[in-house]
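Biologist: Please show me the model. I have some questions about it.

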Amino acid sequence: MFRFFNSKKWFFWAWVGSIAIVGSIGVQVYIDVLINDWFGTFYDMIQKALAEPNAITIEEYWSGLLSFITLAGIYIAIYVVVAFFTQHFLFRWRTAMVEWYHSVYNYARKIEGASQRVQEDTIKFTRIMEGLGTSLIESIITVFMFLPVLLTASAGIPIFFFGDWEYGLVVGALIWSIGGTVFLILLGIILRLVGVEYDLQKQEAAYRKMLVIAEDDETVRPKTINELFDDVRKINYLSYIRYFYFNIGRIAYLQANVLSAYVFLAPAIVAGAVTLGVMQQIIRAFGRVEGSLQYLLKSWPTIIELASVIKRLREFERELKASTDTAKAPE
């Protein structure tokens, strides 16, 4: 799967492409920081305007909106270009994978679900990586860029449970986010979600292969096909019930998450220790840090699917390697 990064043929796309993607995402996050600053300034201006008639001019108001439009326009332009480049980057990665599979495919004929591994799983791998990989990079950069913003904006205001401690809001975000993520990971392990996803794909592959065989050999149906589909049905039903339990914990936590910043800021809001603009800055920065720290939690179903795909591809590559080694061994 990772020959892409070891091949001279794909050196430019693998390494220069990776640097370009990471750098571009960093610029996007920096613009998001600037937008966060804009929220503070703009909402303070709104509060001033609502408190006293004609406290601001219409030119100041339009200027504030124009500032946001400029930042948003730059962000959109970079986002579109990065998304386009990332798609090409990942298709080259898929190409590097399938080129090796093609070169040894004559040894794959007896491997269960070989065609599905080469065609379907490589597509799944690159498509999941497109969203999941870039989101991971963005989450890491966001934490590092927004933590100073959160510390600066929340300095000197009372935080629920932590009082006037300058690091209270950051520590609160860490405890809430990491605690929730650990809880969901443990729940996923207990419910064995990765194993169920792997078994599901394995049964689907066996069922599809039998359908292909049945196109030419009518002796395998209907009993054999029905038996395989019964296995598919059982593993799907097991998957549904496992995800039912998982989603109870996941959705409950995410709904409670909506109020987390307001809970921590309750003493400051009640005491009037913050302006509307500063409150918006803090809540938005808190949400960015919190959301990035909850990357695993929010992406857990997709991570499970990716882990299952990687597990299947690794198993397929081990079997391919074993077949080629056997074929090349001296008589």
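The questions below cover helix packing, salt bridges and the surface.

Modeller: This is a predicted model, where local features need pLDDT of at least 70, side-chain atom pairs count only at pLDDT 80 or more, and totals for chains, interfaces and linings use all residues. Residues are numbered from 1 along each chain as its sequence is written, and side-chain values use heavy atoms, with hydrogens and water left out.

Biologist: How are helix 1 and helix 9 oriented to each other, roughly parallel or roughly antiparallel?

Modeller: Helices are DSSP runs of H or I, at least four residues, numbered from the N terminus. Helix 1 spans residues 11–51 and helix 9 residues 276–293; their axes are 6 Å apart, at an angle of about 155 degrees. Axes are lines fitted to C-alpha atoms over the stretch in contact, and angles run from 0 to 180 degrees between N-to-C directions. Angles over 145 degrees count as roughly antiparallel, so helix 1 and helix 9 are roughly antiparallel.

Biologist: Which residue of helix 9 forms a salt bridge with D32 of helix 1, the pair being 252 residues apart in sequence?

Modeller: A salt bridge needs a side-chain nitrogen of Lys or Arg within 4 Å of a carboxyl oxygen of Asp or Glu. Here the closest N and O atoms are 2.9 Å apart. Both partners are buried (under 20% relative accessible area, with exposed over 50% and partly exposed in between; 1.4 Å probe, protein chains only). The partner of D32 is R284.

Biologist: Which residue joins D32 and R284 in a network of salt bridges?

Modeller: D32 and R284 form a salt bridge. Their network has a further member, R288.

Biologist: What is the relative accessible area of K9, the salt-bridge partner of E99?

Modeller: The closest N and O atoms of E99 and K9 are 2.9 Å apart. E99 lies in helix 2 and K9 in the segment before helix 1, so the pair ties together parts that are 90 residues apart in sequence. E99 is partly exposed at 33%. K9 is exposed, and its relative accessible area is 56%.

Biologist: What phi does N54 have?

Modeller: N54 sits in the loop between helix 1 and helix 2. N54 is exposed, with 78% relative accessible area. Although N54 is not a glycine, its phi is positive, about 60 degrees.

Biologist: Where is L259, a member of the nonpolar surface patch?

Modeller: The patch also includes F160, F161 and Y262. L259 is exposed, with a relative accessible area of 52%. L259 lies in the loop between helix 6 (223–257) and helix 7 (260–264).

Technical notes: Patches are made of residues with over 30% relative accessible area and no salt bridge: like charges are joined within 9 Å, nonpolar side chains (Val, Leu, Ile, Met, Phe, Trp, Tyr) within 5 Å. Accessible areas come from the Shrake-Rupley method with a 1.4 Å probe; for residues, only the protein chains shown count as cover. Helices (H or I, at least four residues) and strands (E, at least two) are DSSP runs, numbered from the N terminus. Angles under 35 degrees count as roughly parallel, over 145 as roughly antiparallel, 65 to 115 as roughly perpendicular and the rest as oblique.
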